Amino acid sequence: MLASLHIENAAVIKVADIDFTNGFMVLSGETGAGKSIVIDSINLLSGNRLSRDMIRTGEDRLLVSAVFTDCRTEAIELLESYGVACDGSVMITRTLSRDGKSAVKINGRTVTQSLQRELCRLLINIHGQNENQRLMQKSAQIDILDSYAENGELRTAYAKVYRALTEAKSKIEELESDTAEKLRMRDMLRYQIEEIAAARLKMGEEEALEAESVRLSSMEKIHAQTHLAYRALYGSEKSATVLLERAASALEKIGDVLPEAAEGAKRLTEFRYEIEDIADTVQRYAESDEDPTLRLNKIEARLSTISKLRRKYGADVSEILAFRERAQAQLDTIENADAIREELEKECRGLEAKARTLAAQIRERRREAARTIQKEVSETLAFLDMPKVRFCISLAESDTLRSDGGDVVEFLISANAGEEPGPLEKIASGGELSRIMLALKSVLSDKDGVATVIFDEVDAGISGKTSRKVGLKLREIARQVQVICVTHSAQIASLADRHFLISKNDQTGRAETEITELDGEGRVDEVARILGGIHVTETQRAVAREMIEEGNGL
């Protein structure tokens with residue numbers, strides 16, 4: 001349920017707050033007062049795109065936030081799957097900046113607009129002119145039918161099988177592509193695989209060769225410095241080993257009178273052995289059986305080979321080897337096309353059989369739902385002063401499987417007695433579409449699980465008794481879900497549980513919209529205003545009071 005709405009800097013709205021409850025709530029006001037801005041703000045929360053022109057003149061950004069309470073399990077699980085904590089209440093905040101940047105937060109955490117849209121589909125439905133137009137699309141019609149039939153799980157299972165079937169068929173088509181092209185591809189892949197294989201690449205080889213190249217290029221320096229180190233350690237009369245030997249001998253000679261001197265001599269001898277070992281190691285640094293120039297030439301040739309392969313197949317040896325694996329897989333596919341095709345065709349047969357079984361289950365539930373919807377919608381339309389309108393759902397098995405099942409679904413109406421039903425989009429007028437959408441929502445109110453429904457322009461093209469009946473139907477729906485309605489109809493407004501007035505006033509020379517919940521007499525005045533006339537008369541106020549009292553008694 002939508003518990004509260006906060007709007008900042010949206011066109012004529014500087015700051016506005018509305019607290020909602022369960023039941024039937026109405027928003028009314030003069031044309032241009034800002035009713036559409038409220039709906040646009042809720043649309044912005046739902047993930048819709050809005051122009052920067054909606055930002056109030058002189059302000060840098062627009063902000064809209066809303067709190068939803070008692071959220072359904074699916075919404076909580078969706079948020080938790082994205083790491084957003086949810087205790088059953090959700091706060092959505094969206095900002096739109098003058099530079100075109102937009103940001104969305106859910107429960108204080110920044111999220112993507114795709115998650116925002118996915119979440120809001122579980123929280124709120126907005127029925128306006130756009131939604132009425134969508135009703136004429138066959139994809140929307142089949143979704144409405146499946147919603148009533150509670151085909152969600154079956155559609156999900158079917159969609160998974162259908163995707164797998166489509167992918168398998170696509171692979172078969174690829175296998176059956178131009179034979180000459182496949183032969184050219186086969187030859188190219190063989191060449192690439194053989195070229196990489198001939199190089200006998202090893203992981204880390206390039207780095208090791210580059211390091212060895214640096215070492216061999218510095219052999220003169222290595223020779224000079226290792227010779228100096230060797231002479232200092234071992235290879236001269238004043239080398240470290242000679243001096244240590246002399247020092248150890250001197251201490252040994254006084255070991256009988258100074259015992260600790262003998263221990264020092266022992267340690268010096270150990271140092272001498274260690275230094276001799278280091279000297280041997282240093283001497284080997286410059287030893288090599290291979291001519292450095294010859295070895296360098298071999299290294300450069302090897303690095304050139306690797307570089308050539310890198311230019312063609314990848315940035316380093318690991319990428320080159322990965323390219324070879326992919327090429328081998330492609331080549332295997334081409335060379336084993338017949339066996340692969342046979343396996344894919346077998347897979348397709350199995351998937352298609354499974355898909356058709358699921359499609360049949362979906363179709364049976366659709367047929368049962370269609371019979372009920374046709375009856376209930378027709379009854380509702382008769383109540384809404386469309387007694388001669390026949391509402392039908394055409395359900396025909398399609399020649400091929402489709403992404404939404406195995407059926408072609410179409411909503412049909414016959415606007416006049418004796419006429420054959422025709423497609424909704426070709427026959428229904430704007431006012432009829434609004435009432436058909438209302439009738440469908442009435443039938444579906446306890447099926448789609450959305451707790452908040454907003455109706456905008458539901459009174460378009462109707463008046464008088466029909467408007468009253470529309471209001472009664474809205475109040476009936478409000479027994480199942482929260483209903484918020486923007487209306488210009490006194491017959492509808494007088495039936496609301498709560499009534500909000502949207503008005504525009506000049507504040508410091510600028511127009512600002514205010515949203516006020518009306519009390520008893522304030523509500524009478526507003527319903528009287530909607531009834532018409534340049535000035536509200538006592539007669540109009542009396543009629544308005546009577547309409548409200550009648551509504552309270554229904």
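## Buried rings between two helices

Buried here means under 20% relative accessible area. Keep that cut-off in mind as we look around this predicted model. By that yardstick, Tyr 313 and Phe 323 are both buried.

The structure has four aromatic pairs. One of them is made by Tyr 313 and Phe 323, a tilted pair with 4.8 Å from centre to centre and 40° between the planes. Tyr 313 belongs to helix H12 (residues 292–313) and Phe 323 to helix H13 (residues 317–335), so their pairing ties together parts that are ten residues apart in sequence.

## A ring pair across two strands

Next up are Phe 391 and Phe 411. Their ring centres are 5.3 Å apart and the planes meet at 70°, so this pair is edge-to-face. Anything over 60 degrees falls in that class. Phe 391 sits in strand S9 (residues 390–402), while Phe 411 sits in strand S10 (residues 405–414), so the pair links parts that are 20 residues apart in sequence.

How do these two rings fare for accessibility? Phe 391 comes in at 3% relative accessibility, so it counts as buried. Phe 411 is buried too, with a relative accessible area of 0%.

## A lysine over a ring

Phe 383 has a charged visitor: Lys 469 lies over the face of its ring, 5.6 Å from the ring centre.

## Glu 526 and its neighbours

Now for a charged residue in helix H19 (residues 520–531), namely Glu 526. Is Glu 526 buried or exposed? Its relative accessibility is 4%, so Glu 526 counts as buried.

Which side chains does the Glu 526 side chain make polar contacts with? One is the side chain of Ser 28, at 2.8 Å. Another is the side chain of Arg 529, at 2.7 Å. Leaving aside residues up to four places away in sequence, Glu 526 touches Ser 28, Gly 29, His 499, Leu 501 and Leu 518. Ser 28 therefore turns up both as a polar partner and in that set of contacts, where a contact means heavy atoms within 4.5 Å.

## The second largest pocket

The second largest pocket has a volume of about 220 Å³. Twelve residues line it, and those nearest its centre are Glu 174, Leu 175, Gln 330, Thr 333 and Ile 334.

Which elements give two or more residues to that lining? They are helix H6 (152–175), helix H7 (179–199), H13 and helix H14 (337–383). H13 has come up already, as the helix that holds Phe 323 of the tilted pair.

Methods
Residues numbered from 1 in each chain as written. Predicted model: local features only at pLDDT ≥ 70, side-chain atom pairs only at ≥ 80, totals over all residues. Heavy atoms only, no water. Phe/Tyr/Trp six-rings, centres within 6.5 Å; stacked < 30°, edge-to-face > 60°. Helix = DSSP H or I, 4+ residues; strand = E, 2+ residues; numbered from the N terminus. Buried < 20%, exposed > 50% of the residue type's maximum accessible area, 1.4 Å probe, protein only. Lys NZ or Arg CZ within 6 Å of the ring centre and 35° of its normal. Polar contact = N/O pair within 3.5 Å; in protein donor to acceptor, adjacent residues only side chain to side chain. 1 Å grid on protein atoms, 1.4 Å probe; cavity = no way out; pocket = protein on both sides within 12 Å on 5 of 7 lines; lining within 4 Å. Points joined across faces, edges and corners; volume = space filled by probe spheres on them.
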